[in-house]
Amino acid sequence: MKSGESIIPIERVERSIRFIRGEKVMLDADLAVLYGVSTKRLNEQVKRNRGRFPEDFMFQLTEKEKLEVVANCDHLKKLKYSPIVTAINNMTFFLSFPKF
């Protein structure tokens, strides 16, 4: 890989960023895709390692917020649960996981 190239195209990451509650965030489902794991696995690891993260690291969307996100994102139409989101400035905490 050449210097300056990324494994994941920056456009893909940018398309996954949403603006919710005044913050730029990424949904757990989109973050899981970027890491190549299931959403369930990502959330399991976060719960298992909760002590490594700040209190406001993630939050779950309300039902109203979920409906707004689903209305704007075709790939999320089959969501059963309200997504958990992470502020993009907190995403580096995921690098502390040795392996999903």
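Is Glu-44 buried, partly exposed or exposed? In this predicted model, Glu-44 is partly exposed, because its relative accessible area is 30%, and the partly exposed class lies between the limits of 20% and 50%. Its salt-bridge partner is Arg-41, with the closest N and O atoms 3.7 Å apart. Arg-41 is likewise partly exposed, with a relative accessible area of 27%. Both residues belong to helix H3, which runs over residues 39–48, and they sit three residues apart, about one turn of the helix. An α-helix has 3.6 residues a turn, so residues three or four places apart point the same way.

The chain as a whole gives the setting. The protein chain contains four helices and four strands, arranged along the sequence in the pattern α-β-β-α-α-β-α-β. Of its 100 residues, 40% are buried. Among contacts with a separation of 6 or more, 62% are between residues 24 or more positions apart. The chain exposes about 6900 Å², and carbon and sulfur atoms supply 54% of that area.

The pair in H3 is one of three salt bridges found in the whole structure. Another joins Asp-30 and Arg-18, where the closest N and O atoms are 3.8 Å apart. This pair links distant parts of the chain, with Asp-30 in helix H2 (residues 28–35) and Arg-18 in strand S1, 12 residues apart. Both Asp-30 and Arg-18 are buried.

There is also a salt bridge between the side chains of Arg-21 and Glu-65, at 2.8 Å from N to O. Arg-21 lies in the loop between S1 and S2 while Glu-65 lies in helix H4, so this salt bridge ties together parts that are 44 residues apart in sequence. The two ends differ in exposure: Arg-21 is partly exposed at 45% relative accessibility, whereas Glu-65 is buried because its relative accessible area is 16%, and buried means under 20%. The backbone of Arg-21 also deserves a look: its phi is positive, about 55°, although Arg-21 is not a glycine.

What surrounds Glu-65? Leaving aside neighbours within four places in sequence, Glu-65 is in contact with Ile-20, Arg-21 and Gln-60. The side chains of Glu-65 and Arg-21 also make a polar contact, at 2.8 Å.

Glu-65 leads on to the helix that holds it, H4, which spans residues 63–72. Which residues of H4 are buried? They are Glu-65, Lys-66, Val-69 and Val-70. These residues are on the same side of H4, because they cover an arc of only 135° around the axis. The cover over the buried residues of H4 includes three strands: S1 (17–20), S2 (23–27) and S3 (58–60). On the face turned away from this buried side, H4 carries the exposed residues Lys-64, Leu-67, Ala-71 and Asn-72.

Strand S1 thus appears in two parts of this account: S1 holds Arg-18, the partner of Asp-30 in helix H2, and S1 is included in what covers the buried residues of H4. The loop between S1 and S2 holds Arg-21, which meets Glu-65 in a salt bridge.

Note on methods:
Residues numbered from 1 in each chain as written. Predicted model: local features only at pLDDT ≥ 70, side-chain atom pairs only at ≥ 80, totals over all residues. Heavy atoms only, no water. Polar contact = N/O pair within 3.5 Å; in protein donor to acceptor, adjacent residues only side chain to side chain. Contact = heavy atoms within 4.5 Å. Buried < 20%, exposed > 50% of the residue type's maximum accessible area, 1.4 Å probe, protein only. Arc of directions from axis to C-beta. Salt bridge = Lys/Arg side-chain N within 4 Å of Asp/Glu carboxyl O. Areas by Shrake-Rupley, 256 points an atom, 1.4 Å probe, with all protein chains shown as cover.
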